[in-house]
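Reader: Got a minute to walk me through this one? I'd like to get a feel for the fold before I do anything with it.
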Amino acid sequence: MGRYEIATVVDAWFALDGGAMFGIVPRPLWEKKLAPDARNRIRLAARCLVAIDRDARRVILVDDGLGDKWDAKRSDIYGIDRSAGGLDAGLARLGLSREDVTDVLLTHLHFDHAGGTTRRGRDGRLELSFPRATYHLQRRSWLWAHAPSDRDAGSFLPDDFALLQHSNHLHLIDGDASPFPDVDLILSEGHTVGQQLPRFRGEGTHLVYCGDIIPTHAHLRPSWVMGYDLFPVTTVEEKKVLLAEVLEDEGVLVFEHDPLMAGCRLREEEGQPVFHEAVEL
């Protein structure tokens, strides 16, 4: 996509309650798209995006997955499956290591998006997982994670991001920005406060990483939003704009949580953008 070589890496598989993932959508409808297990959970990916700009010697990692700080009880609750090999294996397939990552762009600080920001070192202490990287985050998202509402407090685990507080690796962004050449940020306020979605621009087209505004292909309908969303009506309107822009540019949507595909292209049907074809990255 333009100056960037783009690939995706699955840090881990996990599972969340299907009803929570689809909000008010009845189960007989959503289970046709993503079938639940015996505990009513649907399988999801913690999919990160890697964008390589070789001319600038820059490696951008968008979100860093669940991480590996999970105990047995919580691993069972969330059905965590690390058979994908994790970020290290995924980066290695691209000829990269953690030390090559120059920038980590975090959409927001929920545990399934920023859990890999820290890890346990050999001495058992927490350390930043990407020692050479700058971590980019919206300031409002950072502040919200430190004082969340009762509704979403369980989505933030301080061990994931506390080390950034006094490091020189944190870059807080205020609103619209273009942190890298040919990359702009779409601010999204429906799911959580200050979510930022990177859009990589090419010649007459673009690729957008959907974060939690469109977590899977089953969420393409604007009205199919998650029960986790703080402001679901806002999510609906944001999705309409994002889908229209992707359709106009013949762009690509990348799904952070889809268990079946990395992304897709759209087509127009009866004046509405709908799924056209899967895209693997």
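Author: Sure, let's go through strands, a helix, the cysteines and a few single residues; keep in mind that this is a predicted model.

Reader: Start with the sheet. What's the strand order in the open sheet of six strands?
Author: The order is S9-S10-S11-S12-S13-S14, and the pairing is mixed.

Reader: And which strands stand at the edges?
Author: Strand S9 (183-188) and strand S14 (272-279) do. Each has a single partner strand, so one side of each has no neighbour in the sheet. From one strand to the next, the twist averages 30 degrees.

Reader: How do S11 and S12 pair, parallel or antiparallel?
Author: Parallel: strand S11 (residues 206-209) and strand S12 (residues 252-254) are joined over three bridges. For a concrete pair, take Val208, whose bridge partner in S12 is Leu253.

Reader: What does Leu242 touch, leaving out residues up to four places away in sequence?
Author: That bridge pair shows up again, since Leu242 touches Val208 and Leu253, along with Ile186, Leu197, Ile213 and Ile214. Leu242 is in helix H7 (residues 232-249), and it's buried, at 4% relative accessible area. C-alpha to C-alpha, Leu242 and Leu253 are 9.4 Å apart, with their positions 11 residues apart in sequence.

Reader: Switching to the N-terminal end. How much of S1 is buried?
Author: Of its 13 residues, 11 are buried, so S1 is largely enclosed by the rest of the structure. S1 and S2 run antiparallel, with 12 bridges joining them. Val10, for instance, stands opposite Arg47 in S2.

Reader: What about Ala45, where is that?
Author: Ala45 is in strand S2, and it's buried, at 0% relative accessibility. Leaving aside neighbours within four places in sequence, its contacts are Val10, Ala12, Trp13, Phe14, Glu256, His257 and Asp258.

Reader: Okay, His257 then. Where does that sit?
Author: His257 is in the loop between S12 and strand S13 (263-269). Despite the loop position, His257 is buried, with a relative accessible area of 2%.

Reader: I care about its protonation set-up. Which side chains make polar contacts with the side chain of His257?
Author: I can only give you the geometry here. The side chain of Asp112 makes a polar contact with that of His257 at 3.1 Å. The His113 side chain makes a polar contact with it at 3.3 Å.

Reader: And what else is His257 in contact with, beyond neighbours within four places in sequence?
Author: Besides Asp112 and His113, the list has Phe14, Leu44, Ala45, Ala46, Arg47, Asp212, Pro215 and Thr216.

Reader: New topic: how many disulfides should I set up?
Author: A search of the whole structure finds zero. Cys48 is in no disulfide, and its nearest cysteine sulfur, that of Cys210, is 15 Å away. Cys210 is in no disulfide either, with the sulfur of Cys264 nearest at 7.8 Å.

Reader: Are Cys48 and Cys210 buried or exposed?
Author: Cys48 is buried, at 0% relative accessibility. Cys210 is buried too, with a relative accessible area of 0%.

Reader: Let's do helix H4. Which residues of it are buried?
Author: In H4 (residues 86-93), those are Gly86, Leu87, Gly90 and Leu91. Looking down the helix axis, the buried residues fall within an arc of 160 degrees, so they line one face of H4.

Reader: What covers the buried residues of H4?
Author: The cover includes strand S1 (5-17), strand S2 (41-53) and strand S3 (58-62). After H4 comes Gly95, with a positive phi near 75 degrees.

Reader: Last one. Where's Leu281, and is it buried or exposed?
Author: Leu281 lies in the segment after S14. In terms of burial it's in between: partly exposed, with a relative accessible area of 32%.

Reader: What does Leu281 contact, again beyond four places in sequence?
Author: Its contacts are Ile6, Ala7, Thr8, Leu207, Val254 and Ala262. The C-alpha atoms of Leu281 and Ala7 are separated by 4.9 Å, although the two are 274 residues apart along the chain.

How values were computed:
Residues numbered from 1 in each chain as written. Predicted model: local features only at pLDDT ≥ 70, side-chain atom pairs only at ≥ 80, totals over all residues. Heavy atoms only, no water. Buried < 20%, exposed > 50% of the residue type's maximum accessible area, 1.4 Å probe, protein only. Helix = DSSP H or I, 4+ residues; strand = E, 2+ residues; numbered from the N terminus. Arc of directions from axis to C-beta. Contact = heavy atoms within 4.5 Å. Pairing = 2+ DSSP bridges. Axes fitted to C-alpha atoms, helices over the stretch in contact; angles between N-to-C directions. Disulfide = S-S within 2.5 Å. Polar contact = N/O pair within 3.5 Å; in protein donor to acceptor, adjacent residues only side chain to side chain.
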